[in-house]
Amino acid sequence: MRKNNLLFSLVLIFIISCSNAKEAEGYIYASDTEAFMSNAKIIYDNNSLTIRYPKYNCMNVKYNTENFSPKELPIVCKELNELLQDRNISFPKKECVDKYTLKGDKIFLINSKYPCYGFSKDLNQIIKSKNNNIQQIQFQTKFGLFQGEF
């Protein structure tokens, strides 16, 4: 039993140390709104991208709480919520994860049956820095542009 645990630990250390995955935290927002929709965390490598979203709540987005007064925040969040409803954009009611496969310039949503946001399937561009870190992702929808900045 002890031998199996040691072998498992060595394999796990090898997998973790050989992984090229990078992580970043940022925000998701609609290009035509003041308030940001969600905090987001991404994990990515050359072949995949995972976006982890908390339960949707405009009032808890760090960008919003830092850039709007306590008096302004409910107003801009109400406007954002109305915009999402008008555009029939669904959003996560609990923590949610979207996973993508990257093949060259093509981006494929793996969990397309249950995407986190109504625009998740519309991810069409990933913008990277010179050192290959993701800076921005873009979702082009029929309602406009949604973006993530990291």
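This passage walks through the disulfides, salt bridges, main pocket and a couple of individual residues of the structure.

The model is a predicted one, so everything below is read off computed coordinates. The covalent cross-links make a handy starting point. A disulfide is a covalent bond between the sulfur atoms of two cysteines. There are two of them in the structure, and with the bonded cysteines numbered in sequence order the pairing comes out as 1-2, 3-4.

One disulfide runs between C58 and C77, with an S to S distance of 2.0 Å. The torsion about its S-S bond is -75 degrees, which makes the link of C58 and C77 left-handed. C58 sits in the loop between β3 and α2 (62-67), while C77 belongs to helix α3, so this bond ties together parts of the chain that are 19 residues apart in sequence. Both ends are tucked away from solvent: C58 is buried because its relative accessibility is 2%, under the 20% cut-off, and C77 is buried too, at 3%.

The other disulfide connects C96 and C116, here with 2.1 Å from S to S. Its torsion is about -95 degrees, so the bond of C96 and C116 is left-handed. Distant parts of the chain are linked by this pair, with C96 in strand β4 and C116 in the loop between β5 and β6, 20 residues apart. C96 and C116 are both buried.

The loop between β3 and α2, already met as the home of C58, also carries N60. In contrast to buried C58, N60 is exposed, since its relative accessible area of 53% is over the 50% cut-off. From N60 to L73 the C-alpha to C-alpha distance is 9.9 Å, with their positions 13 residues apart in sequence.

Next come the charged pairs. Side chains of opposite charge can pair when their charged atoms come close. Five salt bridges are found in the structure, among them E23 with K41, E95 with R52, and E82 with K78.

In the E23 and K41 pair, the closest N and O atoms are 3.2 Å apart. This bridge reaches between distant parts of the chain, from E23 in strand β1 (residues 22-30) to K41 in strand β2 (residues 38-44), 18 residues away. How open to solvent are its two ends, E23 and K41? E23 counts as exposed at 53% relative accessibility, whereas K41 is partly exposed at 29%.

The bridge of E95 and R52 has its closest N and O atoms 3.1 Å apart. Again distant parts of the chain are linked: E95 is in the loop between α3 and β4 and R52 is in strand β3 (residues 48-53), with the two 43 residues apart. R52 is partly exposed, its relative accessible area being 36%.

The bridge of E82 and K78 is a within-helix affair. The N to O distance is 3.1 Å, and both residues lie in helix α3, four residues apart, or about one turn of the helix. K78 is exposed at 53%, while E82 is partly exposed at 36%.

Just past helix α3 (73-86) in the chain comes R87, placed in the loop between α3 and β4 (96-103). Is R87 buried or exposed? R87 is buried, because its relative accessible area of 12% falls under the 20% cut-off. Apart from neighbours within four places in sequence, the contacts of R87 are D32, F143 and F146.

That leaves the pockets. The largest pocket holds about 160 Å³ of space. Which residues line the largest pocket? The lining is made up of N46, L102, G104, D105, K106, I107, Q125, I126 and K128. Strands β5 (106-109) and β6 (123-128) each bring at least two residues to this lining, and β6 contributes the most, with three. By class the lining is evenly split, with three nonpolar, three polar and three charged residues.

To pull the threads together, helix α3 turns up in both kinds of link: C77 in this helix is disulfide-bonded to C58, and E82 and K78, also in helix α3, form a salt bridge. The loop between α3 and β4 holds buried R87 as well as E95, the salt-bridge partner of R52.

Definitions and conventions: Residues numbered from 1 in each chain as written. Predicted model: local features only at pLDDT ≥ 70, side-chain atom pairs only at ≥ 80, totals over all residues. Heavy atoms only, no water. Buried < 20%, exposed > 50% of the residue type's maximum accessible area, 1.4 Å probe, protein only. Contact = heavy atoms within 4.5 Å. Salt bridge = Lys/Arg side-chain N within 4 Å of Asp/Glu carboxyl O. 1 Å grid on protein atoms, 1.4 Å probe; cavity = no way out; pocket = protein on both sides within 12 Å on 5 of 7 lines; lining within 4 Å. Points joined across faces, edges and corners; volume = space filled by probe spheres on them. Nonpolar A, V, L, I, M, F, W, Y, C, P; charged D, E, K, R; others polar. Disulfide = S-S within 2.5 Å.
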